[in-house]
Amino acid sequence: MKKILLGLLLFPLLAMAQQTITGHFAPENSFQFGILYRIAPDNVYYVTDSNIDAEGTFVLDIKEDITPGMYRIVYNLPQDQHFFDFIYSGKEPVEFTFSADNVITFSASEENKIWSEYVSQSPVFKAQIDALLTEENVKERKIEKVLSTQKEWYNDILKRSEGMLVHDLIDAVKPYLESNFSSYDIYAAKAKRNYFDSFDFTKPLLQNSGLPLEQSIKYIFTKVDDKKSATSRMANIDVVAKKVAVTDAKYQKQLLSNLWDFLTANEQVKEANHLAEKHLIPISKKLGDTALATKLETYKNVSIGAKAPNFSWPEYEGDKTYIKYFHDLEPAERYVIAFWSSLCSHCLNEIPKLHAKVETMTPDSVKVIAVGLEDFEAEWTPVASRFPEFINVLGLKKWDNEIGNAYDVTATPTYFILDSEKKIIAKPETLEQVFKALVIEK
């Protein structure tokens with residue numbers, strides 16, 4: 001959340017004069033370089049770089065025609081972990097100090113000073129209000145005092161930012177300013193209803209920033225009914241999608257894709273699938289982005305609670321060939337789908353142990369479908385023959401195999417645990433977790 005708090009800004013003005021960006025890093029950090037990137041909706045673009053001297057200082061001279069907006073400084077490797085974003089207007093120099101504990105303080109640049117003040121002070125008011133609202137006996141006068149102070153502060157910082165890029169940022173993320181407090185429920189309902197009042201998703205300035213994603217995530221996860229949290233979050237996703245629907249389809253896809261990435265990274269499976277199925281898949285299909293649609297559908301198909309995708313394999317009796325389907329297998333209390341390879345050292349360590357475990361269990365308690373992702377049948381056949389308790393399935397073309405693709409397999413071994421209805425109940429990462437998932441409580 002902190003990484004995206006300053007989002008991307010692009011402003012179609014030309015800088016009036018050459019400016020500098022000066023950084024002072026704590027010498028004990030021993031950073032060696034500073035690289036400047038311009039942030040764009042689709043990527044970050046290299047601008048210039050400079051070495052950091054022994055005292056921890058570097059200076060970047062900025063060309064006059066550089067586009068004002070949001071920029072990123074990378075100061076160490078890996079780049080996706082050692083960076084921070086800031087505003088560059090082209091009208092003033094930027095100078096900052098980066099302390100040993102990674103605290104950034106701007107000594108020059110009113111744009112960044114004001115934004116830093118807003119970013120640091122706004123949560124303080126929120127924490128004070130939340131604390132008062134959750135007290136056993138809500139004291140209206142105390143709340144109204146904090147609300148009044150917050151309103152006065154916000155109006156002041158908004159006025160001080162007039163004529164600056166940061167003004168539109170502060171205006172867009174305006175907090176709910178209530179003068180008269182009546183009850184917690186009424187206050188919370190109004191705050192939720194007015195959340196996006198100042199946020200115009202059609203503005204290019206905001207579209208090219210991280211704030212739409214930032215604000216959407218906050219809305220989805222903080223404006224929630226605790227009694228039905230998952231349902232409430234999905235309803236909030238619908239609100240966000242409706243707000244974004246006033247923009248063009250390409251931008252909708254961009255923002256909602258980023259939101260989906262956030263949800264999946266944080267294992268919000270129901271919410272991610274709701275977003276995909278109701279909003280993002282239709283948009284991706286409308287734009288002809290079949291790769292994204294397939295990715296979203298595959299994730300949904302192999303999510304916890306989904307019925308595992310069906311697949312087939314040949315079985316032979318003499319000169320006859322029979323096609324078997326996974327969904328037609330005889331009932332079992334648990335199913336394991338294990339993707340492995342005869343050339344995978346981890347697989348050759350774990351798969352025999354799984355087979356030994358299955359040998360101790362009754363046939364109707366667990367069935368293992370072992371899918372060998374291989375380049376050549378000759379390599380797989382002698383190894384698979386060691387596991388007669390498994391249903392051994394050969395998956396040729398390895399990483400381009402149809403079964404592996406349906407299950408989004410990118411590494412071996414990969415395990416799926418299914419219940420008696422062939423619904424996915426676990427995707428264990430270790431063999432110990434596989435064994436634990438096979439324990440059936442009576």
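Reader: When does a charge count as sitting over a ring?

Author: A charge sits over a ring if NZ of Lys or CZ of Arg is within 6 Å of the ring centre and within 35 degrees of the ring normal. Here, the charged end of Arg 72 lies over the ring of Phe 83, 4.0 Å from its centre. A word on the source: this is a predicted model, where local features need pLDDT of at least 70, side-chain atom pairs count only at pLDDT 80 or more, and totals for chains, interfaces and linings use all residues. Residues are numbered from 1 along each chain as its sequence is written, and side-chain values use heavy atoms, with hydrogens and water left out.

Reader: How many aromatic pairs are there?

Author: Rings of Phe, Tyr and Trp (its six-membered ring) pair if their centres lie within 6.5 Å; planes under 30 degrees apart are stacked, over 60 edge-to-face, and the rest tilted. That rule gives 37 aromatic pairs. Take Phe 25 and Phe 58: their ring centres are 5.7 Å apart and their planes at 35 degrees, so this pair is tilted.

Reader: Are Phe 25 and Phe 58 buried or exposed?

Author: Both are buried, meaning under 20% relative accessible area (exposed is over 50%, partly exposed in between; 1.4 Å probe, protein chains only).

Reader: And what is the geometry of the Tyr 71 and Tyr 88 rings?

Author: Their centres are 6.0 Å apart and their planes at 80 degrees, so the pair is edge-to-face. Tyr 71 and Tyr 88 are buried too.

Reader: Which residues do ring pairs link into a cluster?

Author: Among them are Phe 25, Phe 31, Phe 58 and Tyr 75.
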